Amino acid sequence: MKLEIEITKKQRSFIEAGETEVLFGGAAGGGKSYGQLIDALLYALKYPGSKQLVLRRSFAELDKSLIRVSLGLFPREIYSYNASSHVGKFKNGSIIDFGYCAYENDVYQYQSAEYDQIRFDELTHFTRTQYLYLISRLRGANNFPKQIKSTTNPGGVGHGWVKERFIDRSEAGRPFRGEDGMERIFIPSHLSDNTFLMRNDGGYKARLMALPINERRALLFGDWDVFDGQYFPEFSRDRHVCTPFEIPDSWRRFRTIDYGLDRLACLWVALSPEGRIYVYREFCESNLPISLAASKILENTTEGEDIYATLAPPDLWFRTQESGKSKNILFYEAGLNLTKTANNRESGWLALKELMLDGGDGPRLQIFSNCTELIKCLPMLKIDKLRPTDCSTEPHEITHAPDALRGFAIYRTSPAKNQNQNGHKRWTRDLWDDFLRANQREQNYLIKKYGEPN
Ligand SMILES: Nc1ncnc2c1ncn2[C@@H]1O[C@H](COP(=O)(O)OP(=O)(O)OP(=O)(O)O)[C@@H](O)[C@H]1O
Ligand SMILES: [Mg+2]
C-alpha cells in the first residue's frame, strides 16, 4: 500500500523532531493538529505494536476534530476505530488511544497505562499538573522512541506554564535542555506555513484579521506575549530579539544595573554606529551583598572590554542608616564606579517605548536571545491599575531587568527631553529629592536655575 500525503515544511520539522518534548505552537490554522495526526500515523506504521495516546481537554473537541480527521486520513485497509472504547487499531498491532481530561483528576484514569508517545492537542487547555502526571505514563519495555509531542495556540488556562516550559528558555526552533534534564524544542507555526489552507480558503486570514487586536495577535501571528493589561504591547520577540553576534570593539558599551538585595540585574548594552541599541548580555542573581554583586558584574565583563559607564538608579546614592555610606560608595569600594541616571519612572518607560518603535528600518532596541530574563519579563509587565501611565511593580521579581533597561533608556534620551520650552531642565525625581531636602536659599537657587517645578 502506498500513502499519498503531502506535508508542509513545518509539519516535517514536527514529525522529524527527536527531542523528548516537542511543542508545535502558534497561529491558528498553521496545520498543527493535522501534522500531529500524520505523525501518529507514521509512528504507528514504523513501530509495529506501539502504543500512543492522543489527548484533547474535552471529549466534544476530541471527537469533532482529531477523531473525525483521523478517520478521513488513516487508510481503512489497515486501520479501524472503535467508537465506544475510543481506541484505534492498526493491522500491525499498533494502537492509538484517544483520550480527554475534562476535569483535573481525569488524568488518573491512565494510572496503569504505558505509552510510547503521548500527544496533546491544544496543550494550553491543560494544566501543568495534568501534563506532568501524564508524562509519567511515558514508558514501555521496548526500544521505541519515547516522546511527548504537543500542538497548541497561545492563550488558555495553561498559557503561562506552557510559555515558561517551551518558549522563554530558548530561541524558537532551537533544541534546549530543561532544568530537569529533558530535551525540548519549540517549533513555531505560522498561518502562512499552511499552503493547503491558504490555497483553499482565502477568506480565513481576512476573518482572523477582523478579530480584536489581542486575539488577532495570538491567533493570526501566534504571538505568545499577548495578554490584556500588558504594559509593552509593542514588544515582540520577532522584532526585538536577535541572534547574538560579535560586537565590534569600536562600539560604545555600557552596563546598566538595578540593585536590591532581593535581586541584582545587570545588562550590557552596545551602541551601533547607526544608533541601534543592542542588549548583548545579562546577569541576574538574587541575594548578593554589594561587594559580591560588584565582583560578579566585573567577572561577567570580558577582559579588555571597554565599558564607557555603568548606569545605576539614584536611590543607590541615598545614605543608608547603618553604615552612613551610600550604596554607590560601597560599589565604588568594591571596584565599580557608577553613573547616576534619573528615576522618573514614567519618562523612563516612555523612553523605552520609544526605543521599541519601528522607525521604518526596524526598532532601535535589539536584545540578544541569550538575555532570557529580560526577554521573559518585558512582555509580562502589567499596567498599574492606579497610574495607567506607569507599570505595576508586582510581581516584583519580574521588574528588575526591565528597570535596569529603563535606566539606560532615560540616560540615552534625557539630555534632549529634560529641556522645557524656556531652555530650563525639567524637574526630575532626583531634582525633587534635592529640592525637598534643601533650605530656602538653595531652593531659590534651584528654581532660578531649573524653572518652577513642573
Ligand atoms: N498537509 C496537509 N495536507 C492537506 N491539508 C492540510 C495539511 N495540513 C493542514 N491541512 C488543512 O489545513 C486546515 C488547518 O489545519 P489544522 O487544523 O491542522 O491547523 P491547526 O494549526 O491545528 O489549527 P488550530 O490552531 O485552529 O487548531 C485543515 O483544514 C487541515 O485539514
Ligand atoms: Mg488544531
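This report walks through a predicted model, taking its sheet, its ligand site, its largest pocket and its largest cavity in turn.

**The sheet**

A good place to begin is the open sheet, which has nine strands in the order 3-4-5-2-6-7-1-9-8 and mixed pairing. Strand 3 (79-82) and strand 8 (176-177) stand at the edges; each has a single partner strand, so one side of each is left without a neighbour in the sheet.

If you would like to look closely at one edge, follow strand 3 to strand 4 (residues 87-90): the two run antiparallel and are joined by four bridges. Within this pairing, N82 stands opposite V87 of strand 4, while Y81 has G88 as its bridge partner. The hairpin that these two strands form has four residues between the strands, and H86 takes a positive phi near 60° there.

**Around ligand 1**

Next comes the ligand. There are 15 residues around ligand 1, and those that come nearest are E6, Q11, K32, S33 and Y34. By class, this shell holds five nonpolar, seven polar and three charged residues. Helix 2 (32-46) and helix 6 (195-200) each give at least two residues to the shell, and the largest share, three residues, comes from helix 2.

Three contacts to oxygen atoms of ligand 1 are set out here.

| Residue | Part of the residue | Distance to an oxygen atom of ligand 1 |
|---|---|---|
| Y34 | polar backbone atom | 2.8 Å |
| N153 | polar side-chain atom | 2.9 Å |
| E122 | N or O atom in the side chain | 3.5 Å |

How much of ligand 1 does the protein bury? Taken alone, ligand 1 exposes 620 Å², and the protein buries 72% of that.

**The largest pocket**

Now for the open spaces in the model. The largest pocket has a volume of about 650 Å³. It is lined by 34 residues, of which A172, F186, R237, D238 and V241 are the closest to its centre.

Which elements supply at least two residues each to this lining? They are strand 1 (21-26), strand 9 (183-189), helix 9 (237-240), strand 10 (241-242) and helix 13 (372-377). Strand 1 and strand 9, which you met in the sheet, are neighbours in its strand order. As for residue classes, the pocket lining has twelve nonpolar, eleven polar and eleven charged residues.

**The largest cavity**

Finally, there is an enclosed space to find. The count comes to one cavity of 30 Å³ or more, and about 40 Å³ of space lies in the largest cavity. Its lining is made up of R345, W349, L381, C391, S392, T393, T399, P402 and D403. Helix 12 (345-356) and helix 14 (400-417) are the elements that give two or more residues to this lining. Sorted by class, the cavity lining has four nonpolar, three polar and two charged residues.

**Looking back**

To retrace the tour in the structure above, you could start at strand 3 and strand 8 on the edges of the sheet. From there, turn to helix 2, the source of the largest share of the shell around ligand 1. Then visit R237 and D238, which are among the residues closest to the centre of the largest pocket, and end at W349, one of the residues lining the largest cavity.

Notes. Residues numbered from 1 in each chain as written. Chains lettered and ligands numbered in written order. Predicted model: local features only at pLDDT ≥ 70, side-chain atom pairs only at ≥ 80, totals over all residues. Heavy atoms only, no water. 1 Å grid on protein atoms, 1.4 Å probe; cavity = no way out; pocket = protein on both sides within 12 Å on 5 of 7 lines; lining within 4 Å. Points joined across faces, edges and corners; volume = space filled by probe spheres on them. Nonpolar A, V, L, I, M, F, W, Y, C, P; charged D, E, K, R; others polar. Near = heavy atom within 4 Å. Polar contact = N/O pair within 3.5 Å; in protein donor to acceptor, adjacent residues only side chain to side chain. Areas by Shrake-Rupley, 256 points an atom, 1.4 Å probe, with all protein chains shown as cover. Pairing = 2+ DSSP bridges.
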